[in-house]
Amino acid sequence: MPKWLRNVLAVCIVLFLSASFYCFFVRPYAYRWKPCYGRKGYGVCIPCSYEVHGIDISHYQGDIDWPMLARNRQSDFPIHFIFMKATEGGDHGDSCFARNFSKAHEYGFVRGAYHYFIPQTDPVRQADFFIHTVQLDSGDLPPVLDVETLGRKTVDELKASVKIWLNRVEQHYGIKPILYTSYKFKQRYLNDSVFDTYPYWIAHYYVDSVRYRGRWDFWQYTDVGRVPGIEEEVDLNVFNGTLEELTGMTLK
């Protein structure tokens, strides 16, 4: 093999290995090296200009020390609201929901429940399963629909299914549900004026500010928060308003 060809192959191999290392070991954790120009809390850089903080949890966070978690309301970034996963698809309930939902109320948090949407499953069945599982009370946040995947649906089919779920749940609870999805997913698949009428909870990680141009209410800005009382990493959120405005969104 000619020397020049060996050199070219060596360079290609080095570039390939470098790119692979970056993609698998650097890029997913780039936030760890990103400079923080604001204040740090819960192990991450906290977005500026927001006074109402919250988390969302599921069985992935395991058993929660609720007395310790409640003490975070006296921290520099007090946690006021908690969203909890309740259901997924047409028949899968989160194993920790009942306990978490009860404890959140007991310890004085503004609480909410969300459903993880499975595009392949009948949306009426999914809505009815959520309604059967979640009994919301006054002071609770509106129900949440978490949409993250297209599945085997077309964009129009996904939009129609999501709208069916939202309509059925709104009719039952008497309040517009919150729509949760990522910035990119909404732009690609739910970029419709119909969905802009719902309160929007945006997932947009490792950025200094929300790039979404429309109105939004909640911002999930990281999934690697370290909160006293929770052993596992947890999603952190802020509310785009005051505490009074947050409680104003709740069921009466």
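In what follows, Ala, Val, Leu, Ile, Met, Phe, Trp, Tyr, Cys and Pro count as nonpolar, Asp, Glu, Lys and Arg as charged, and the others, Gly among them, as polar. Keep that in mind as we walk through this structure, which is a predicted model.

Let's start on the inside. A search of the whole structure turns up one cavity of 30 Å³ or more, and the space in the largest cavity comes to about 30 Å³. Around it you will find Tyr 42, Ile 46, His 53, Gly 54, Ile 55, Ile 79, Tyr 221, Leu 236 and Asn 237. By the grouping above, this lining has six nonpolar residues, three polar ones and no charged ones. Strand E3 (52-57) gives the most to the lining, with three residues. Both E3 and strand E11 (234-239) supply at least two residues each.

One of those lining residues, Tyr 42, deserves a second look. Tyr 42 sits in the loop between strand E1 (39-41) and strand E2 (44-46). Its relative accessibility is 11%, so Tyr 42 counts as buried, the cut-off being under 20%. Tyr 42 also has a positive phi of about 55 degrees, although it is not a glycine.

Another tyrosine can be read alongside it. Tyr 206 likewise has a positive phi, near 55 degrees, in a residue other than glycine. Tyr 206 belongs to the loop between strand E9 (200-203) and strand E10 (218-225). With a relative accessible area of 31%, Tyr 206 is partly exposed.

Now turn to helix H3 (residues 97-106), whose buried residues are Phe 97, Asn 100, Phe 101 and Ala 104. Seen down the axis of H3, these residues fall within an arc of 100 degrees, so they line one face of the helix. The spacing makes sense because an α-helix has 3.6 residues a turn, so residues three or four places apart point the same way. What covers the buried residues of H3 includes E3, helix H2 (66-70), strand E4 (79-88), E6 and H4. E3 thus appears in this cover as well as in the lining of the cavity. After H3 comes Gly 108, with a positive phi near 80 degrees.

Two of the covering elements, E6 and H4, lead to our last stop. The loop between strand E6 (110-116) and helix H4 (123-133) holds Thr 121. Thr 121 has 18% relative accessibility and therefore counts as buried. Leaving aside neighbours within four places in sequence, Thr 121 is in contact with Gly 89, Gly 90 and Gln 126.

Methods. Residues numbered from 1 in each chain as written. Predicted model: local features only at pLDDT ≥ 70, side-chain atom pairs only at ≥ 80, totals over all residues. Heavy atoms only, no water. Helix = DSSP H or I, 4+ residues; strand = E, 2+ residues; numbered from the N terminus. Buried < 20%, exposed > 50% of the residue type's maximum accessible area, 1.4 Å probe, protein only. Contact = heavy atoms within 4.5 Å. Arc of directions from axis to C-beta. 1 Å grid on protein atoms, 1.4 Å probe; cavity = no way out; pocket = protein on both sides within 12 Å on 5 of 7 lines; lining within 4 Å. Points joined across faces, edges and corners; volume = space filled by probe spheres on them.
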